[in-house]
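Subject: Structure for you to look over

Dear colleague,

I am handing over the structure we spoke about, with the sequence and the model shown just below. My notes on what was found in it follow.

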Amino acid sequence: MPEPGALDLLFSGVPDAVRVLSGSRPAADTVAVLQRVLAAWPHDCRPVDAPEGPGAPRARFLVEPLEGGTFRLHGVSPEATDFSPFRPGDPAALCPPGYSHEPSLTCLATTLAIELVAVHERLASGQMGLHAAAAVHAGQTLLFCGRHRAGKSLLMARLLLAGWQALGDDMLGLTPEGELFSYGLAPRLRLPLPPCPALAPLLAEDSPLAACRDDRYLCCDPLTLPQLPWGTRRALNAVMVLDRLDEHSSRQGGIFVQPHQADMREVLRRFLLRDGRAGLALQTVDRLLHRVPCRLLRYRTPDEALCLLNDWTAARERGQPPTDPPLEAPAGHDVLMPGTAPLPRGENARRRAPCRRLARRMPAPAQPPDSAREPVRYRQRPGVIFRQDESGAFLARDEARSGRDGKIFLLNHMGCVLWQLWQEAADEAELAALLAEAFPRTPAQRIRRDVAALRRRLCAAGLLQEVE
């Protein structure tokens with residue numbers, strides 16, 4: 001039987017309850033904070049006063065208060081956490097076997113929100129989770145993504161204080177039709193905040209804008225900020241990839257156009273892929289980025305980003321799409337696949353035409369002597385999704401296939417040629433000889449090594465298969 005005073009929180013779209021126990025902290029006090037942080041997500045609260053049995057509500061998550069103001073959250077994804085040492089009669093034994101230690105109530109609320117989103121995303125047909133933020137202004141719905149600590153939450157808080165509406169911070173849903181789904185999550189800010197006078201109201205003592213805080217984080221209150229409620233769907237108008245500059249950087253801030261392949265890569269990295277949805281993610285993003293613009297937002301401070309975004313959205317609202325300058329291509333190497341040896345860049349401009357010609361033909365396989373061992377031949381596995389543009393290509397397994405299909409692979413031009421040649425059965429020696437003939441300035445040993453490395457990675461991902 002749960003401890004006296006236990007409370008159940010039942011959230012829309014999530015089967016079973018979040019059960020909060022009393023202990024070192026009354027359940028009602030813990031629930032009050034969780035309800036404030038998750039106020040935009042429809043839920044119900046009810047006492048747990050019946051013995052456990054066949055008809056009793058099941059606890060999907062269980063919150064256990066510990067000494068010192070810390071918590072244990074049972075039922076989180078076991079692949080990412082430890083396993084609970086269940087004991088007979090332990091109420092946590094009713095939850096899936098995983099738990100996390102939360103050092104504060106603010107951390108507990110954040111982890112619980114992420115776990116609730118993960119459960120809903122697994123159950124939602126075709127919907128995928130995005131580690132990103134989104135806001136609405138001047139009739140435009142913008143998706144914000146970027147690397148870790150690119151300033152998404154800080155920028156979102158600044159936009160909301162300026163009157164923008166939030167679809168959500170950190171966790172969003174994306175439908176196959178390209179609509180964003182709001183989980184009603186307000187920004188969580190890392191403390192201390194950088195100097196920005198406009199954000200001072202968040203830090204005021206007993207600020208109504210803050211739902212809870214500890215010495216490291218501050219969770220904003222979704223009801224006192226213009227946060228759109230859970231379940232709101234909005235069609236996407238643009239994607240903004242964030243690049244927050246150091247204050248000493250000499251680079252210029254602004255909104256820039258970057259190559260389509262870079263856009264694809266940045267957005268695809270934000271998916272929380274599971275259950276074989278890599279192919280669906282690739283198809284969705286490919287359609288999305290051919291319909292809406294994707295831009296790089298380079299800025300130093302939230303105020304600078306706000307000014308740039310206000311001007312950009314105002315121009316689009318007036319029907320005058322802004323003329324964004326192109327971004328200079330970064331220096332680097334072309335690679336067949338992540339982790340394989342790079343090919344020299346010197347021939348990059350000259351090799352595209354022969355690459356396309358090679359992709360349209362496949363020579364007759366050489367017949368080995370009778371005494372020689374028959375080489376292993378490979379070809380494309382059916383059901384692989386292939387998307388190509390002028391800068392490269394992406395591969396993903398069909399979502400209906402089982403197995404290790406939670407990854408999306410990036411190929412450069414040479415990798416594209418090899419993939420297209422694998423439409424017909426071929427072995428590594430045939431392909432290496434063909435490429436060595438086309439690119440005589442590239443060492444044959446390097447070509448053989450790169451072909452072998454790409455073949456191994458594609459076979460391991462289930463994208464190539466041996467031919468009997």
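The protein chain contains 11 helices and 27 strands, and please keep in mind as you read on that this is a predicted model. Of its 468 residues, 52% count as buried, while the accessible surface of the protein chain comes to about 21600 Å², with 52% of that area belonging to carbon and sulfur atoms. If one takes the contacts between residues at least 6 apart in sequence, 71% of them join residues at least 24 apart.

One pair of helices was examined in detail. Helix α5, which covers residues 260-268, and helix α6, which covers residues 278-291, have axes that come within 10 Å and cross at roughly 130°. An angle that is neither under 35 nor over 145 degrees, and that lies outside 65 to 115, counts as oblique, and α5 and α6 are therefore oblique to each other; their crossing is right-handed. On the α5 side the residues in contact are His260, Asp263, Met264, Val267 and Leu268, and these meet Ala281, Leu282, Val285, Asp286, Leu289 and His290 of α6. Sorted by class, this contact is made up of 7 nonpolar, 2 polar and 2 charged residues.

Helix α9, residues 413-421, is worth a separate look: 9 of its 9 residues are buried, so α9 is largely enclosed by the rest of the structure. The buried residues of α9 include His413, Cys416, Trp419 and Gln420, along with Met414, Val417 and Leu418.

With best regards

Notes. Residues are numbered from 1 along each chain as its sequence is written. This is a predicted model: local features need pLDDT of at least 70, side-chain atom pairs count only at pLDDT 80 or more; totals for chains, interfaces and linings use all residues. Side-chain values use heavy atoms; hydrogens and water are left out. Axes are lines fitted to C-alpha atoms, for helices over the stretch in contact, and angles run from 0 to 180 degrees between N-to-C directions. Helices (H or I, at least four residues) and strands (E, at least two) are DSSP runs, numbered from the N terminus. A crossing is left-handed if the near helix is turned anticlockwise from the far one by less than a right angle, and right-handed if clockwise. Contact means heavy atoms within 4.5 Å. Ala, Val, Leu, Ile, Met, Phe, Trp, Tyr, Cys and Pro count as nonpolar, Asp, Glu, Lys and Arg as charged, and the others, Gly among them, as polar. Buried means under 20% relative accessible area, exposed over 50%, partly exposed in between (1.4 Å probe, protein chains only). Accessible areas come from the Shrake-Rupley method with a 1.4 Å probe; for residues, only the protein chains shown count as cover.
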